[in-house]
Amino acid sequence: MAEESVPEGRSLKELSEEELWELINDNRHRISLGVRPCVLLPYLRQVKVLTEVDEDEILSCHNLTNRCMRTSYMLDLLRTQGRNGAIALLEGLMIHYPVLYTHVTGRQPSTEPSRFSGLIKYSELTEYLIRAVTGMQTELQEARNEAGKMSARCSSLESEVSQLMEQEEKCSHLQTENERLQRHLSSLQREVTKLKDEKCDLYIRYTASIEEKSAIKGRLHDLNLQVYQLQMDLQSIQMENEFHKQRSLRSVSSSQTPQLQEEAHKDILQQDLAEAIDSQVELAEHLKSYREENEKLLRDKQGLLNQTEALSLQVQQLSLDCKMQEQKSTVVQSQMKELQVERDQAFQSRDDAQAMIARILAEKDTLRSQLVELQDAVFTLQAKRSPRPRLRKSDVKEISWESPTSSSEECPLPVRQRLRRMDALNPMSLNSCTSESEDVVPSSIRSKGVEPPSLESLRRRQEVCFEDSSLETAETDSVLDDFVLLSDGSEDEQELRPSSSHGSNSVCVSKSSAPPFLVRSRPKAIRVNGRVLSLSLQCDALLSQLSIVGGNKSGVFVHQVTEGGAAHAVGISPGAQIVEVRYKQNSRALRMVLEDSTLEEATWALGQVTGFCQLSLRPRQNDYEALLQQLQSSTMSSGDSFYIRVNLSLPAGASGTLAVSCNNILHVTNTRPAGTEDLWQASQVHPCQLLDLQSGTVPNYYRAQRLLIQTIEDMSFQTKNCQKAGRENTRSEQKAVRIVSTGRQGRNPLWVSVDEENTNGTEPGSPPPPKSCVTLMPYTLVTPHFPPVCRPILLLPTILGRMLDKKLASWQGFQLCEPEMLTSSEHAARLQRSEILEEVEPGGNQCYTLQSVEKVMKKGLHCLLPLGLDCVRRLHRSEIFPVIIFIGVSARNARKLKSKLQRSGQTEEQLLACSKSEEPLLDKLPCLYHSMAPDSWCDQNSLLTSLRTIIWEEQRKVVWVEPDLW
C-alpha cells in the first residue's frame, strides 16, 4: 500500500505538505502502535520542530494513559509544524525505525547526507547519530540494570510472600494442634465420665457389702444367742444329772433298786451327753466359719476402700489435666488471633504504602510540571526584561562529558546563575507546601486530550514555541531540590577547573552536555541528600588514604583513615558506609555504586580512583560497631554473604582448598581472606536447609575462569586423542564442567558496581578497563527458593517421560496435567500473558496452561508434565519450580522397552536420539536437575520405584535458581 501511494520517481523533498501528511495519516495506526515517543523526541528537539515543553507534555501528561495516545498526540503537535514536522518525523523513522520507514514510504532507509532534508546541519546530524547510538547502548545498559533491580525487588517480595506463607502454615499447624487437643480433651472427658460411672458402681457395691455385713452381724448375734442357750441347757442338764445322781444314791440308801434300772438310766444320760457334745462341736464349727467369712468381708472392704482412694486420685489428676488443656487451648487461640491481627496489619501496611507511593508519584509529576512551567516563565521574563549582559572576564569553561573536545558555540541568552545550597526546610512545613501546590492548577496552553487541538490553541502554542526556542534545558530534579539560584553579587569569582580540561574558549553549558555528576566551584564541597553525604576531594590514590571493611551483606565501611591526607581533611571518618564513588579516567566519567558490592569488588573499585573524585557516604556508626564486634568474635569473617553454583570440578588442595564438584552450591562468606588475593572463603551448603557444612577456600572468579579454560582445553585435547578408542570415558569426563556464558562483557559478570556513564571521550586505541573477562562463567549466582506445595514433575527424555507419566498418574499423590481447549481470543490473550506452556499441536488451540498446573498443585498432588524443556523458564517466571529428572538410557535399556515403545509408535533409535539431543540442553537450565545413570534401573518396575524415591528426596531439597544471564 505504501509503495503505491508514493511514486518512485519523486523524492520526499519534492512532495508537498499535504502529500506528506496524507502519507503519514494513511499509516497513522501503524506508527501509533510501533513508535515510542521517547526515542524520536531527541531528534525532533534537535531539528527544532518540538520544544522541551512539548516533550514534557507528551511524556508526563496524565491524560495520555498509554504509549499509543502519546504517539498520536506527538503527531498532532508535529502537524502544527507543517512540512518541517512531517519531514522531521520521516527522518526520525529512517534513523530509529527503518522497517517502519520502509512500510510508510516504500523506500529503503539510508544514512547518507543526501537523503536528509537539511533541517539540521551535517556536523550536528553526525553528532546526533553518534549520540543516538551511544544513547541506545546506555538505554540497553539501563534496561539491564532496571531488570536487575526488578529481580531484586521480586526476590524481596518473594521473601515477604514466603514469610506470609510460613505464618499461614504456622497458623494451620496451630489450628491442627488445637483440633487435636480438643479431640484429646473430649476423649479425656469421656474417660472421666466412664470413671465416674465406675465409681458409682463401686459405691453401690460398697453399700450392698455393708448391708450384707450388717445382716451377717445379726445372724452371728443370733447364733451366739443360740450357743448361749445351748450352753445354758447343757448346764441345766448337767445339774439335773448331778441331782439325779445324788438322788439315786439317796434312794439306794433308803431303798434298794434293781441294778438294771440304774444302768438304763446311765445309758440314757450318756447318750444325752454325747448328743449335747456333738451339737456343741457343730455350733463351734459354724461359729468358726462365720468368723472366717467375716474376716474375708473385712479384707474385701479394705481393698474396695483402697481402690476408691486410687480412683479419687485419678479423677483429681484428670481434672487438673483437663484444666491445663483448656488453658493451653485458650493460649493457642489467643496466639492465633494475634497472628491473624498481625497478618491483617501487614496487609494493611502494604496497601497503605502502595497508596502512599502512588500519591507521592502523582504529586511529584504535578510539582515537576509546575516547576518546568514556572522556570520557563522566569527565563522568558528575564529574556524580555533585560538585554544580553556582557560575559564576565573569567568565562566559565564547558566541561565536555561526551566528546574529547568542547564546542565553541556561544550562548544566545544570559548565562544562568550559579547554584548555591538553599536553607534547610522544616519537615512540618512540607505538608502545607504540598497542599498549596496541589491546589494550584498550571495554566498550560497545550491541550490535555487526544483530540486534535483547536486553531486558537495552535496559534498560542506557536507563539510560545518562538519565545522559548532559544532557552536552555532545565536542570535535573535532584539538583533543583538541593540548590537555589542566587544573584551575581553573592557569587564566587572562582571558575570550574576539572582535573582533565581541554583548553577551549569561554562557552556556556549546552543542552546535551550535562555532566554525569555536579563539579563544585570549591574543591571540598559537601552536599547533604537525606542521610547521604557527598564529598569531593583531590588525591593521588584513594585506597592509600583509607582502608575498608564489610561486604555485600553488611555494606562497605570506612575502617581507617590516614591522618593528614586528603580524605582526613574533608572529614571522612571510620564508620561511614561508602554508597557511591564518581571519578574520571581516560576522559570517561565513571560511577561505581558500592552499596551492594563485595569486599573484593569495592577494593578493586577504590583502587582505580585517582585524581578528582566524589564520594557518597552514609553514617552508620552502630552497624559499623556491630560488624567489628562480629569480626572480633569470629562470628563472621567479613561482611560478604552470597550463594554460587560451581560450573567446574575442583580438587582439594594442601592449603585448605575445598574440594567441589560441578553443580555444587557454595556459600561465599569472604571474598578477600587475610593473606590471600586470589581465593575466596566458602562453605558447602546442606541440600535441604540453609546450613553451612564443610568450609575452606576456593579460587576467586578470575583464577577459576583460567582453570575452567584450561580444563576445557585439556578435555578438547583428550577428545582428539581418544576419539577412536575411548568415547565412553570422554563423555564421562565432560561432566566435570558446565559451559555457561553471559551477555555481560567488559567486566566481572558477578560485579554490579561499575557503571560507565559516558564513553564517548575514550581515545582510539586506549586499553580496555582492567579485570575484563570473557563470557565463560566458572561461578553463577543463585538464590534459594522453598516451594510450599508439591512440585510438578518433568521426566526426560521426552519420549520415555510421556510413557512413565501415564504409569505414575495411577499412583496416589500424582496427577497428569490435562490440556485445555481455548478459543482464538483466549489463546491470543494467554499467549500475550505467557500463560501457555506448550501447544498439543502446532497452530492448534489445545494447550497446556499455567492454570492447569496450579489447579493440580492446589490439591496437594504432584503434577506430571508431558512437556519439553522450554516450559521450565515459563514456570519459573510464575514461581513454579518443577522437579527435573533425566533418565539415562543405554541400548540395553532401550531393548527392554521395545514392546512399550512400539505401542506408542516409537522405536529404540528414536529414544536414544532423543536422549542424546536433550542431555546437552540440561546445562542451559537455570536450576539444578537430577540425573539417573543407565545402570541404575533394569526394567520399568524398578525404574518407577526409583523415581518415587527420587521425587520424595527432591521435594525436600532447596531449589536454587540462577538469574537471567543475558
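Let's start with a pair of residues: Met821 has Gln846, in strand 20, as its bridge partner. Keep in mind that this is a predicted model.

That pair belongs to a wider arrangement. Strand 18 and strand 20 (residues 846-849) run antiparallel and are joined by two bridges. Together with strand 19 they form an open sheet of three strands, ordered 18-20-19 and paired antiparallel. Strand 18 and strand 19 each have a single partner strand, so one side of each has no neighbour in the sheet. Here is who sits where:

| Strand | Residues | Place in the order 18-20-19 |
|---|---|---|
| Strand 18 | 820-821 | edge |
| Strand 20 | 846-849 | between strand 18 and strand 19 |
| Strand 19 | 836-839 | edge |

The sheet also has a helix packed on it: helix 20 (residues 824-832) touches strand 18, strand 19 and strand 20. The direction of helix 20 makes about 125 degrees with that of strand 19.

Now for a pair of helices. Helix 4 (residues 37-46) and helix 6 (residues 67-79) have axes that come within 10 Å and cross at roughly 25 degrees. Angles under 35 degrees count as roughly parallel, so helix 4 is roughly parallel to helix 6. Their crossing is left-handed.

Which residues make the contact between them? From helix 4 come Pro37, Leu40, Leu41 and Leu44, while helix 6 brings Arg67, Arg70, Thr71, Met74 and Leu78. Sorted by kind, the residues of this contact are six nonpolar, one polar and two charged.

Definitions and conventions:
Residues numbered from 1 in each chain as written. Predicted model: local features only at pLDDT ≥ 70, side-chain atom pairs only at ≥ 80, totals over all residues. Heavy atoms only, no water. Axes fitted to C-alpha atoms, helices over the stretch in contact; angles between N-to-C directions. Helix = DSSP H or I, 4+ residues; strand = E, 2+ residues; numbered from the N terminus. Parallel < 35°, antiparallel > 145°, perpendicular 65-115°, else oblique. Left-handed = near helix turned anticlockwise from the far one by under 90°. Contact = heavy atoms within 4.5 Å. Nonpolar A, V, L, I, M, F, W, Y, C, P; charged D, E, K, R; others polar. Pairing = 2+ DSSP bridges.
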